[in-house]
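Here's a look at the charged pairs and a few strands of this one. Have the structure open as you read.

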Amino acid sequence: MTRRLTAAALTGIAHIALITPVMAQDAASTTESSDSDIVVTASRQGSQSLIDTPLAIQAFSGEQLEERGIRETTDLVNSIPGASPGEQVGSVIKTFSLRGVGAAGGIGDSPIGYYIDDVPFAIPNSPIAPPLRFIDIDRIEVLRGPQGTLYGQGSAGGTIIYHTREPDLDNFEMRGEATIAKMDDASALNYGVSAAISVPLIKDRLAIRISGGYDKRAGYVDIFSETPATGGPSFKNANDVTNRDVRAVLLWQPTDALRIRAQAAHWEPRQNYTQSINQLEPAQQWFSGTTRGYENGNFDLYSVSVEYDAGAAILSSSTSYLDAEYGYLTGQTFGPLGTGALFNGYDARSFAQEIQLRSNGDGPFHWLVGGFYQNAKALFSFDANLTALTISGFNDTRTRNYSAFGEISYDLFGGKLVPLVGIRYYKDNRRFDADSILTGTGSGQTKPDKVTWRANLSWFPTDDLTAFVTVSTGFRSGITQTPFQASLVEASGIPSSIALAPDTLTNYEAGIKAKLADGRVQLGLNVYRIDFKDLQFGLTPFGVSAFANVGKARTTGVDLEARWRTPIDGLNLGAVANWNDSEFRDVYPAVTASLPNVANGERLSSTAKYNYRLDADFERPLGSGDLRFFLNGAASRTSSRVMYDGYVVEPYSLYNASAGIRTDRWELSIFGENLADERGPSFVRNSLLFAGPYPRTIGLRLRTTID
């Protein structure tokens, strides 16, 4: 059901934000610390610094996200080596590719695992990312490569973990932020307010934290009712976007050994029309005719997490329930069937339970065992009202899956050499029911099971050097479809069935991390190769959407990360980069006949050959007090990509910057996003519909904190 934020909640949040607009970070956290000092928990063996974590991992503190203008996952992707934008309908339905995993776009289960704190955000047959805005994030950890032996959700291509800020058991805290900005081509202003308040209810034992906000991004696309655009627009600057969200976290620590954390969160993204347009500059849409399109979402997440320190071991449990409704309406033309409106809707529910027991202490033997259970459903429905035909249909996917996983490691030579092995067993009971004129009525069931594993050897010759080699495997369950869809694929000469085989991968990787010049320089280098089998792809035999396993692929690549605290006082420089070579292998000839770019030797669809980002931040005191000047800049570039239908997305670059003054209590800055006004496209659907970066935006931001 559709849920809306109450007027009282929004009014209260906005009131807090306007009185105490957000956070000034401690100067020491930006000028004297480094990325490697961020404490991470991704290995699930306690807290570690980045350099001591023998994984391909990045971490971003909340302060770094704010400094670098990273406000949502779309921005974050530009900072991840080997990551690329995937399917994009609008502000709600977005998918991403990591090291070529997820190249098939918005189909099937997510190849990237998303965790909000310690609970999964996972929807069957839908790989969308959570609609988070980073208004109250403590840190984000990004793990590249399969993570199924650590995380019950599976995470075949990698895992992104969003750690939100905890309630403070000892101190009152209040943060706020207010922004206002002008975007090129938009006639209205962008604006937003957000806030967080943390209150200790019983000192040292019980506290609550409430956060939330509202923002609006003005529209900049003109809508025409005729194809191609003629005359004046029906609506100007029509594709405005709003986001409302609120989150409450209750932390109870009845004893020093026991922590209980309850969370309730709601996200409500809205967009008029969609991000798909016919022309980038000037930005115009005319494919939807007279239909006033939209893309809406309502997401509710409830969770309870418990952690108990028993001394020799730590027991943790997380229970969550996700309620997700999202969809879009557009005008469409379907050839001889005429024109009209198309609605695609998704209604998903997911209950998940994860439990783990891990070793604790300083001994050489480390272990972790865990179990995961998910009971979920995802109903996809569509309605098309055309001049020649009115059709509707649905596909209802239900899954009950469970997995058992674990890892063991042993410190040799005083912890200088650490071998590790991990294993995961997964079992799925998945069924579907479907009905429509196009795909027919049908149902089916599949019960795949799979064993995946990881072997890792880490070397710690000094406190400032870590090296590792690893081999890991991953997979995701196969897509289900009706017998009619499968028969159309087979009629095209492509083997298929109502339940596709899971697609699998094997990741071979070696990495090294080093701190040099007394920690002023940090370097990271990873070399990897990924072998894919039974890739799942979406096809359109005889004009009907259907699915098949299309063959194999291989990706070989290099990730680079660097951070330098320069001799110039207050100046820090950073860089991340990826280069890779990918290709399809052993593709069925009939697939290539239908999609010429899905062919042996051709590059993986929607996979950038390289991407990189350069960051610089500078801070200096002004006078003898705590007033300081700061300046931040970022430049990123993503190479060309070939979409599945052969359209080439050209390389594009994005430039962001901010400058301002701050104290320990407040910050005032001017910021610029997409300063070169790059229009892209960054994503293309069917060689006809484009989506690109938001136009150049210049604005003011005010932040403060009270504690």
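E583 has a relative accessibility of 29%, so it counts as partly exposed (buried means under 20% relative accessible area, exposed over 50%, and partly exposed in between, using a 1.4 Å probe and protein chains only). Its salt-bridge partner is R585, with the closest N and O atoms 3.1 Å apart; R585 is also partly exposed, at 30%. A salt bridge here puts a side-chain nitrogen of Lys or Arg within 4 Å of a carboxyl oxygen of Asp or Glu. Elsewhere, bridges that share partners link E66, E67, E177, E619, R628, R662, D664, E667, R701 and R703 into one network.

Keep in mind that this is a predicted model: local features need pLDDT of at least 70, side-chain atom pairs count only at pLDDT 80 or more, and totals for chains, interfaces and linings use all residues. Residues are numbered from 1 along each chain as its sequence is written, and side-chain values use heavy atoms, with hydrogens and water left out.

The whole structure holds 54 salt bridges. Three of them, side by side:

| Acid | Base | N to O distance |
|---|---|---|
| D136 | R165 | 3.6 Å |
| D433 | R431 | 3.4 Å |
| E583 | R585 | 3.1 Å |

Take D136 and R165: D136 sits in the loop between β7 (119–120) and β8 (137–144), and R165 in the loop between β9 (158–164) and β10 (173–183), so the pair ties together parts 29 residues apart in sequence. Strands here are DSSP runs (E, at least two residues), numbered from the N terminus. D136 is buried at 4% relative accessibility, and R165 is buried at 8%. In the D433 pair, D433 is partly exposed at 27%, as is R431 at 32%.

Now for the strands. How many residues of β18 (residues 313–333) are buried? The count is 15 of 21, so this strand is mostly covered. β18 pairs antiparallel with β17 (residues 294–309) over 16 bridges; strands pair if DSSP finds at least two bridges between them. Within that pairing, D300 has D323 in β18 as its bridge partner. The two strands make a hairpin with three residues between them, and G311 in the turn has a positive phi of about 100°. β18 also runs antiparallel to β19 (residues 339–359), joined by 21 bridges, with A313 opposite S359 in β19.

One last stop is R679, found in the loop between β37 (666–673) and β38 (683–685). R679 is buried, with a relative accessible area of 7%. Its C-alpha lies 29 Å from that of A562, 117 residues away along the chain.

Methods: Helices (H or I, at least four residues) and strands (E, at least two) are DSSP runs, numbered from the N terminus.
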